[in-house]
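Here is a friendly walk through a protein and its ligand. Have a look at the picture first, and then we'll take it piece by piece.

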Amino acid sequence: MPKDTPESQSVCNTVTRSAIFIVATLVDGENNADTVRAWCADIAALVRSVGKRVPSGNLSCVCGFGSKAWDTLFGAPRPAGLHPFREVGEGERRAVGTPGDILLHIRADQMDLCFDLATQLVGRLGEAIAVVDEVHGFRYFDMRSMVGFVDGTENPEGREAADFTLIGDEDPEFTGGSYVLVQKYLHDMAGWNALSVETQERIIGRTKLSDIELDEAVKPSSSHSSLTTLVENGEEVKILRDNMPFGRPGMGEFGTYFIGYARSPRPIEQMLENMFVGRPPGNYDRLLDYSRAVTGGLFFLPSATLLEALAERAPQSNAACAGQQPVAPSPAEPRHDGSLNIGSLKGTSQYE
Ligand code: HEM
């Protein structure tokens, strides 16, 4: 790797036993923006301090910013694909967007490590932010999701994971960065458990015990695995997921925290559209008859190198900008014609 290639954040880390997901909003005020910017340069040192105490604990932290927060905190230039979360679907089956300016995805093999790092990171931000959602996720038996199926099998690995998640030269100022989409789902476990295992398997598209993909001849086109498989120009386009089950049985809460990383928001958004609206429309994901999305947010993750440098970057003041033209949308903003517009995968075709 060339020496000046930006170091990415820990996007492609191996799966861990525990995770904490924190979504926070910025509290108005220039002092608060200063606090957040200064904090950007402290994150790596805090991860080192907490993580060194248990070297085998695999502690990592990924930090992302929402579209509005990017403008408030850092201004231009802005990542080409960053925009507010786009809601899809309607009625009961809707991917909702909810407030969120900062995302923290903290992972480790022990919850105490995640807990301590979250305490340090949130503590340092103090009143500059308001935490609007915090989920503590755990690894469930053999990598099973809350609905009992193994989750994460078809994730890309190694070099392929980096290729699908890290921005390359399609957006040179943000090389090594990534996009992440999160949604908190709550499940109707009584309804789900009332289904036969065969019905559940047709909904997911894989066998429950052995986690084998159903044969194309029996796998419905509405299965979760079919609707989230994207092909462009004959090539499969993948995202990297690290979903975690969470819940409070005593409160009847059973959930999945979905987190998907990609080098452009477009593939994740296309998967959401396929699941919620259907491919073709109406042929939607039946998992959603038993799962409701209660949050949704899209965030940009700067490379680790840029994250540290952002501490020194404040947007130009309004006075300095007076008389300037509004920033034109970047030509690299993903188009709505179904193409990814991401470097080597760029093409004009629709997903197949
Ligand atoms: C209720 C929340 C969800 C649950 C419980 C869930 C669970 C699962 C399970 C059990 C699998 C099969 C094993 C695997 O390959 O990982 C899977 C696959 C997959 N899911 Fe989800 N998922 C959820 C939401 C989502 C969302 C919102 C997306 C994308 C926006 C997504 C994208 C994918 C992809 C890309 C695959 C791999 C498909 C393949 O290549 O076969 N999932 N999911």
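Helices (H or I, at least four residues) and strands (E, at least two) are DSSP runs, numbered from the N terminus. Counted that way, the protein has 11 helices and 14 strands. What you see is a predicted model, where local features need pLDDT of at least 70 and side-chain atom pairs count only at pLDDT 80 or more, while totals for chains, interfaces and linings use all residues. Residues are numbered from 1 along each chain as its sequence is written.

**The overall picture**

A residue is called buried if 20 or more other C-beta atoms lie within 10 Å of its own, exposed if 12 or fewer, and partly exposed in between, with C-beta atoms placed from the backbone. Of the protein's 352 residues, 43% count as buried. Next come contacts: two residues are in contact if their C-beta atoms, placed from the backbone, lie within 7 Å. Take the contacts between residues at least 6 apart in sequence, and 76% of them join residues at least 24 apart.

**Around the ligand**

A residue is near a molecule or strand if its C-beta atom, placed from the backbone, lies within 6 Å of it. There are 27 residues around the ligand, and Phe149, Glu154, Ser225, Thr228 and Met271 come nearest. Which elements supply at least two residues each of this shell? They are strand S7 (178-187), helix H8 (224-227), strand S12 (253-262) and helix H9 (265-276).

For classes, Ala, Val, Leu, Ile, Met, Phe, Trp, Tyr, Cys and Pro count as nonpolar, Asp, Glu, Lys and Arg as charged, and the others, Gly among them, as polar. By that scheme the ligand's shell has 11 nonpolar, 12 polar and 4 charged residues.

**Strand S7 and its partners**

S7 deserves a second look. Because 9 of its 10 residues are buried, S7 is largely enclosed by the rest of the structure. Two strands pair if DSSP finds at least two bridges between them. Here are the partners of S7, with one bridged residue pair for each.

| Partner of S7 | Sense | Bridges | One bridged pair |
|---|---|---|---|
| S12 (253-262) | antiparallel | 8 bridges | Lys184 with Tyr257 |
| S14 (residues 297-301) | antiparallel | 5 bridges | Tyr179 with Phe300 |
| S13 (residues 291-293) | antiparallel | 3 bridges | Tyr185 with Ala293 |

In a regular strand the side chains alternate between the two faces of the sheet.

**Two helices that pack together**

Now for helix H2 (residues 43-51) and helix H4 (residues 111-125). They pack at an angle of about 145°, with their axes 10 Å apart. Axes here are lines fitted to C-alpha atoms, for helices over the stretch in contact, and angles run from 0 to 180 degrees between N-to-C directions. On the H2 side, Ile43, Leu46, Val47, Val50 and Gly51 take part, meeting Leu113, Asp116, Leu117, Gln120 and Leu121 in H4. This contact of H2 with H4 has 7 nonpolar, 2 polar and 1 charged residues.

Leu113 turns up again with Asn58. The C-alpha atoms of Asn58 and Leu113 are separated by 9.0 Å, though the two are 55 residues apart along the chain. Asn58 sits in the loop between H2 and strand S2 (60-65). Is Asn58 buried or partly exposed? It counts as partly exposed, because it has 19 C-beta neighbours inside 10 Å. Leaving out residues up to four places away in sequence, Asn58 touches Thr14, Thr16, Ala108 and Asp109.

**A buried spot in S1**

Ile22 belongs to strand S1 (residues 18-26). With 22 other C-beta atoms within 10 Å, Ile22 is buried. Setting aside neighbours within four places in sequence, its contacts are Leu104, Ala118, Val122, Val131 and Glu134. Ile22 and Val132 are 110 residues apart in sequence, yet 7.8 Å apart in space, C-alpha to C-alpha.

**Backbone oddities**

Most residues other than glycine have a negative phi, and most peptide bonds are trans. Phe141, not a glycine, has a positive phi of about 40°. Met143 also has a positive phi, near 65°. Phe141 lies in the loop between strand S6 (129-138) and helix H5 (158-165), and Met143 is in the loop between S6 and H5 too. Phe141 is exposed, with 8 other C-beta atoms within 10 Å, whereas Met143 has 14 such neighbours and counts as partly exposed.

The peptide bond from Ala76 to Pro77 is cis, with omega near -5°. Pro77 is in the loop between helix H3 (67-73) and strand S3 (88-90). Another cis bond runs from Arg279 to Pro280, with omega near -10°, and Pro280 is found in the loop between H9 and S13.
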